[in-house]
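Me: I would like to go through a protein model with you. Could you show it to me?

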Amino acid sequence: MSSNAPGAASVKPMVVGNWKMNGLKAALSEALAVDEALAEAGATVGSEVMICPPATLVMVMSELSGKGGMTVGGQDCHTAETGAHTGDVSAEMLADAGATAVILGHSERRADHGETDQLVRQKVVAAHRAGLVAIVCVGETIGQRNAALTLDVVSRQLAGSLPDEATAANTVIAYEPVWAIGTGLTPQVTDVAEVHAMIRSRLRERFGEDGEGMRILYGGSVKPSNAAELMGVDHVNGALVGGASLKAKDFLGIVDVYRQK
Ligand code: PEP
């Protein structure tokens, strides 16, 4: 299958690392190694490369990196700009710290914090208000897949989590089957193709040209050994990577899939 899906030839792929609740200051060397490798590769990189560390590292990582064009994102934000929300971080704070994007509606937040599509949509609005790109996660559980509900679930999450003002420039979708996250399991490429094609057609129906250009990442146990196959599926415009983004060598092995040799 070709990554140059019809109408998507101008879509620049994106490889995003999600460090989750991992990373002390000592881990910054891994992010810097990624940025340095990108600087060496220069124009041949072929994708936008981003790391989303824990909030504690966003500012220092964005200040130290950038030589190679690596960008930095957050992993969640509150809906409000400021206020009495102890422990929360606003989209404006992430932007102020140097983030250019924020992951929203990750399945771990949906499961651990009861985040609904409606709340995710409000967070996407907050991200846009602060000038951040919203990386919006959708995906089915294993029970839903076994009950043949995947397309319904993903379609419903997509409809509920995106505001009408989403554009190709301010929003990225990440399809992440919940059962593939951190398990080493991945769907068949035909299953990935089916879900990404459905997402593309829903985006087109709702957002027209913008829906055509909105990037759709695949996430769930992406590693250097399976990245080329997964990234080669139609309408897969990059990857959201958890575990394999913690080590520069592994993450760069995935980034390399888009390298123009
Ligand atoms: C993720 O948490 O977004 C993810 C895709 O994790 P992993 O790559 O470890 O499956």
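Reply: The questions below deal with strands, cysteines, a ligand and one serine.

Me: What should I know about the model before we start?
Reply: This is a predicted model, so local features need pLDDT of at least 70 and side-chain atom pairs count only at pLDDT 80 or more, while totals for chains, interfaces and linings use all residues. Residues are numbered from 1 along each chain as its sequence is written, and side-chain values use heavy atoms, with hydrogens and water left out.

Me: Let us take strand β7. How many of its residues are buried?
Reply: Strand β7 covers residues 215-219, and 5 of its 5 residues are buried. Buried means under 20% relative accessible area, with exposed over 50% and partly exposed in between, for a 1.4 Å probe and protein chains only. Strands (E, at least two residues) and helices (H or I, at least four) are DSSP runs, numbered from the N terminus.

Me: Which residues are on each side of β7?
Reply: R215, L217 and G219 are on one side, and I216 and Y218 are on the other. Both faces are covered.

Me: Which strands pair with β7?
Reply: One of them is β6, residues 171-175, which pairs with β7 in the parallel sense over 4 bridges. Within that pair, Y175 stands opposite Y218. Strand β8, residues 238-241, also runs parallel to β7 and is joined to it by 2 bridges. Here Y218 has A239 as its bridge partner, and G219 has L240. Two strands count as paired if DSSP finds at least two bridges between them.

Me: How does the chain get from β7 to β8?
Reply: The chain passes through helix α10, residues 224-231, and this β-α-β crossover is right-handed. That term means that, with the strands pointing away from the viewer, the path from the first strand over the helix to the second runs clockwise.

Me: What about β8 itself, and where does β1 come in?
Reply: In β8, G238 and L240 on one side and A239 and V241 on the other are all buried. Strand β1, residues 14-18, pairs with β8 in the parallel sense over 4 bridges. The bridge partner of G17 in β8 is V241.

Me: New topic: how many disulfides are there?
Reply: A search of the whole structure finds 0 disulfides, a disulfide being a pair of cysteine sulfur atoms within 2.5 Å.

Me: Why is C137 not bonded to C52?
Reply: The two residues are not bonded because the sulfur of C137 is 9.4 Å from that of C52, its closest cysteine sulfur, which is too far for a bond. C137 has 2% relative accessibility and counts as buried.

Me: And C77?
Reply: C77 is in no disulfide either, as the nearest cysteine sulfur, in C52, is 12 Å away. C77 is buried, with a relative accessible area of 1%.

Me: Which residues are closest to the ligand?
Reply: The closest are K20, E176, G182, S221 and G242, among 14 residues that surround the ligand. A residue is counted if one of its heavy atoms lies within 4 Å.

Me: Which polar contacts does the ligand make?
Reply: A polar contact is a pair of N or O atoms within 3.5 Å; within protein, one must be able to donate a hydrogen and the other to accept it, and residues adjacent in sequence count only if both atoms are side-chain atoms. Among the contacts, a ligand oxygen is 2.6 Å from an N or O atom in the side chain of K20. A polar side-chain atom of H106 lies 2.8 Å from a ligand oxygen, and a polar backbone atom of G182 is 2.6 Å from one.

Me: Lastly, is S65 buried or exposed?
Reply: S65 is buried, at 11% relative accessible area. Its side chain reaches the backbone oxygen of M61 at 2.7 Å.
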